[in-house]
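Colleague: I have a model to read and want to do it properly. Can we go through it feature by feature?

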Amino acid sequence: MNRTPSAIRRCGAGLAILMLAAFFSAGAFAEPSPGALPNPAQEARARALQKEFRCVVCQGESLDESRAPLAADLRKLIRARIVAGESDEQIKQFLVSRYGDFILMKPPLQPDTYVLWFGPVLVLVVGAGVVVLVIGRARRRARQSPLWSEDHQ
Amino acid sequence: MTGEIGQLALTLALALSFVMAGAGLAGARENAVTARGVAGSAALGMLVFVLLAFAALTYAAITSDFSIVNIANNSSTLKPLIYKITGVWGNHEGSMLLWMLVLALYTAAIAVFQRGSGRLTSAALGVQGLLAIAFLLFILFTSNPFLRIDPPPFQGAGLNPLLQDPGLALHPPLLYVGYVGLSASFAYAAAALITREADAGWARAARPFMLFAWLSLTLGITLGSWWAYYELGWGGFWFWDPVENASLMPWLVATALLHSALATERTGAFRTWTLLLAIAAFSLSLIGTFLVRSGVLTSVHAFANDPERGMFILLMLVLAIGGALALFAWRAPSLEGGAAFEPVSRESALLVNNVLLTAAAATVFLGTLYPLVLDALTGTKISVGPPYFAATFAPIAVALLVALPFGPRLGWRRGDGVGAVKSLLPAFGIALFAVLLVLVFAARHVAAAVLAFGLAAWVIAASALDLARRVGPWRGDLWAAVARLRFVPASAFAVALAHAGLGVTLMGIAGTTLWRAETLSLLAPGESVQVGPYKLTFDGARRVTGPNYFATRADVTVGRGGASLAVMHPEHRMFPTEQQETFETSIRTTGFSDLYMALGDDRGGGRFILRAYYNPLAPFIWFGGGIMALGGLASLWGRIRARVPVPHGQAAAAE
């Protein structure tokens, strides 16, 4: 009951204060996107990265869509590191070392997530097996039934 | 008085549910005609008392009777009347009462529509009675909406402003009609196992309920997604939030069930599998309830986090699912099984459909529950977000859509594979044309767009051609062909609409995810910003006062190519009673795209943050959901109109 509203309240303050304090103190206006990096390629990288990380204090929102102050901080941090010349992988490693795998929207493939990642594959393989088995049996039954030979002539 | 009337009504409903369970199950024996009559009457009586309890709570809400804890905690005199009413189910206790009301309605519907239909229906009523006992006990002992408070407060705490919205008036009731509707097919499946009448009869009796549940669930999910889109204010429509997933899982399994039950009904194929799906679909509804109500998840949907309730629901879950599965394990092996069909046939197509839908549901299940299980077992916290579902759910959906058009073109038992492929060539051509259009016009994300729009065109064209084939507009007079649509069976419309709706939704999802344009700007009055094809000019913001909130309302002039089109008013609302803020988005839709605005913070000096999105094809997401539901309605309509009693057993042997 109190999750989203309070998140929004936090966010409302967060997004504006932190991002604008950092990037708008010079008094620019009508900038296409407050806090955006001037280099479009770098900004695109930042946007793509933001979507891969979770806002760790929110419920299932990514850094990209969260209004929480922490998310705004991390968006700023990602941009600072991109400008500093770090690779996506380095930034990812930094965030994981700080917040754990929990921050990754896409869980890493490792022994404790094998069930998660291979589960769907297993279901499909078993399903395919069942399809073959059931169709095979149904076919044999169809061939044995008198109806089949009758209208197959 | 109101609270006491409600309490008494619930208690009497509980007594009647015991009568119904006992009499219904007793009526499952041969010749127990009297018991069957008692079960039917008890079902109607239970509806009356649950309705009375619900009316009592609604009356208390309208009259702001704060001596009732539930009303004091969730309502206020300042709330507009409509939200006093919808607020009845905007909290845990009230929503459980709504759930119970829907269960009582379905039970009464079974009793009325299937009157005198014998052992099967009687046993189904018995099972519904058991479910009603469990839910009424749950409500009375852990979630009583009629508890009093002394002394009553002067003012209530109000309702979460996010929930004060017309979307809330319809979203939960529709979802519940879907969830609880699956209890009817569950009850019939259990009844089939109890009475050992597991031939086509139960599937036929349960089908109208199945269809109604499915179409309500479809509409409920569509509406929920739309509500999240316009209310939460960041332009997304689906977040793979566990609570959303909790409604998607029963939908996927119910979709599989609808298809599988079709085969069971027509040719007696997949009997045991259909029974299992009916059990699974309702079990997933219960699991969804457990997830949302127990506090395992916290979200805007989770009104109450109370471990005692969680334990009760868990117990109910174990009894209902465990009981049904035990019954299944006991009786299913003795069922005569085994249909006869060729590898190229409708049955095979339905089998593929079922495997893919089940795998899709399993993916959502794993993605939703695995993090909880891992956390509980090892303390390791992981997140499962959209990238996981993009990697696992999406490929399965693609496979499903590729295969989908073949199904309706294959005959039962033995289909004409070559003929199906030939008849699909025009659809394939249209899909190629769509791909070509994307290649020519799309500027971004071309590969994904080619796949999505190719598939959407493939599915929609195949559905349209399927209807066209039946009326033959190429045989001269077009109007005569349109007139011939009257003779097309409702079931053909159902298939075409439901499948085409999926394609339409896919177009919406692809258009808005791949080609969205967005800006986040700080604007002083008079400044402009461009988003998509639109030029937005901020004319300033002013204070307005609503019935129970204060708002800052912006005026934004929308222009395109020099002409101004409209003035939009995104708002930022403050609810003093609840001490909460909401962002009221403003959306201008052309039917093909949305211009979406949310007003952010006041930065002083008349300057405001404005988020704006241009979402191409976004409305198609919900149009598609509506079209799918229309398909369900067409099928239901066909059933109701043609209530021709098909002889038990091998109806399809004649084909």
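Modeller: Start with contacts. Two residues are in contact if their C-beta atoms, placed from the backbone, lie within 7 Å. Domain bounds come from an automatic or database domain assignment. Here, eight residues of domain 1 of chain B are in contact with nine residues of domain 2 of chain B. On the domain 1 side, four of the touching residues are nonpolar, three polar and one charged. For those classes, Ala, Val, Leu, Ile, Met, Phe, Trp, Tyr, Cys and Pro count as nonpolar; Asp, Glu, Lys and Arg are charged; the others, Gly among them, are polar.

Colleague: What should I know about the source and the numbering?

Modeller: This is a predicted model: local features need pLDDT of at least 70, side-chain atom pairs count only at pLDDT 80 or more, and totals for chains, interfaces and linings use all residues. Residues are numbered from 1 along each chain as its sequence is written, while chains are lettered from A and ligands numbered from 1 in the order in which they are written.

Colleague: Where do the domains of chain B lie in the sequence, and what separates their centres?

Modeller: Domain 1 covers 1–164 and domain 2 covers 517–618. Over C-alpha atoms, their centres are 42 Å apart.

Colleague: How do I judge the overall shape of chain B?

Modeller: Use the radius of gyration, taken over C-alpha atoms; the globule rule is 2.2 Å times the number of residues to the power 0.38. For 655 residues the rule puts a compact globule near 26 Å, and chain B agrees at 26 Å. Its C-alpha trace spans about 80 × 75 × 55 Å along the principal axes. Of the contacts in chain B with a separation of 6 or more, 73% join residues 24 or more positions apart. In chain A that share is 54%.

Colleague: How is burial defined, and what percentage of each chain is buried?

Modeller: Count C-beta atoms, placed from the backbone, within 10 Å of a residue's own: 20 or more others means buried, 12 or fewer exposed, and in between partly exposed. In chain B, 57% of the 655 residues are buried. In chain A, 31% of the 153 are.

Colleague: How many helices and strands does each chain have?

Modeller: Both are DSSP runs, numbered from the N terminus: helices are H or I, at least four residues, and strands are E, at least two. Chain B has 18 helices and ten strands. Chain A has six helices and zero strands.

Colleague: How do I check one helix?

Modeller: Compare its span with 1.5 Å times one less than its number of residues. Helix α17 (residues 490–515) of chain B has 26 residues and reaches 37 Å, close to the expected 38 Å. Of those 26 residues, 20 are buried, so α17(B) is largely enclosed by the rest of the structure.

Colleague: And nonpolar cores?

Modeller: A nonpolar core is a set of buried Ala, Val, Leu, Ile, Met, Phe, Trp, Tyr and Cys residues joined through C-beta atoms within 7 Å. The largest has 202 residues; B:M46, B:M100, B:A191 and B:V253 touch the most other members. Helix α8 (residues 200–232) of chain B gives the largest share, 19 residues. Another core of 24 residues lies apart, including B:L523 and B:F538.

Colleague: Where is A:T113, and is it buried or exposed?

Modeller: A:T113 sits in the loop between α4 (88–99) and α5 (114–144) of chain A. A:T113 is buried because 20 other C-beta atoms lie within 10 Å. Leaving out residues up to four places away in sequence, A:T113 touches A:P107, A:P108 and B:I382.
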